[in-house]
Amino acid sequence: MSRVSSLSSPFLLGFDEIERVLDRVAKAADGYPPYNIERVPRAANSPGRLRITLAVAGFTRDQLDVTLEESQLVIRGRQQDDKSCQYLHRGIAARQFQRSFVLAERMEVQSADLKNGLLSIDLIRLPPERVVKSISIKESE
């Protein structure tokens, strides 16, 4: 069964990459760690901001890694099992994770902050550059 593309209109040219990104995002739907995405109110003369907050209880700053890989924001957490402990009950596992967010053009990471087990990453949307380009028309015989 073939999937019908929602971007297959003849008026939408060059959107193949967006379709591949949408497929990749749909496949990476693991629920750990839980996260929120919120719109932060604008301050005067500042660009719009978004904040991604991940619940990373038990992780230290050294065990977290936030990177920007092309247009993807990737958050990784790595914990090591404490071999010196003998657990009678183990409900909190040392777990690794990777959470990815695809960023649109003009989205930039402004800051990342870890406080009380919550990792907050602020993103700003830069204003678009208006580009008008005149295309010369050649006369063919």
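**Notebook: strand 7 and the 3-4-5 sheet**

Read along the sequence, I get the pattern α-β-β-β-β-β-β-β. That is 1 helix and 7 strands in the protein. Note to self: this is a predicted model.

**Overall numbers.** I looked up burial for the whole protein: of its 141 residues, 21% are buried. The accessible surface came out at about 11,800 Å², with carbon and sulfur atoms holding 51% of that. I also checked contact range. Taking contacts with a separation of 6 or more, 48% are between residues 24 or more positions apart.

**Strand 7.** Next I went to strand 7, residues 118-125. How many of its 8 residues are buried? I count 6, so I'd call the strand mostly covered, given that buried means under 20% relative accessible area.

Then I looked for its partners. Strand 2 (residues 49-55) runs antiparallel to strand 7, and 7 bridges join them. One pair I picked out here is A55, standing opposite L118 of strand 7. Strand 6 (residues 107-115) also pairs with strand 7 in the antiparallel sense, over 8 bridges. On that side I found D113 with S120 in strand 7 as its bridge partner.

Strand 6 and strand 7 form a hairpin with 2 residues between the strands. I checked the backbone there, and N116 takes a positive phi near 55°.

**D122.** I stayed in strand 7 for D122. Is its place buried or exposed? D122 is buried because its relative accessible area is 8%, against a cut-off of under 20%. What does the D122 side chain make a polar contact with? I found the side chain of R49, at 3.3 Å. Leaving out residues up to four places away in sequence, I listed what D122 touches: R49, L50, R51, E108, V109, Q110 and S111.

**The other sheet I checked.** I then turned to an open sheet of 3 strands, order 3-4-5, with antiparallel pairing. Which strands are at its edges? They are strand 3 (64-69) and strand 5 (97-102), and each pairs on one side only. Ignoring direction, I get an average turn of 15° between neighbouring strands of this sheet.

Last lookup: strand 4 (residues 72-77) with strand 5. They pair in the antiparallel sense over 6 bridges. Within that pairing, I noted Q72, whose bridge partner in strand 5 is V102.

Key:
Residues numbered from 1 in each chain as written. Predicted model: local features only at pLDDT ≥ 70, side-chain atom pairs only at ≥ 80, totals over all residues. Heavy atoms only, no water. Buried < 20%, exposed > 50% of the residue type's maximum accessible area, 1.4 Å probe, protein only. Helix = DSSP H or I, 4+ residues; strand = E, 2+ residues; numbered from the N terminus. Pairing = 2+ DSSP bridges. Polar contact = N/O pair within 3.5 Å; in protein donor to acceptor, adjacent residues only side chain to side chain. Contact = heavy atoms within 4.5 Å. Axes fitted to C-alpha atoms, helices over the stretch in contact; angles between N-to-C directions. Areas by Shrake-Rupley, 256 points an atom, 1.4 Å probe, with all protein chains shown as cover.
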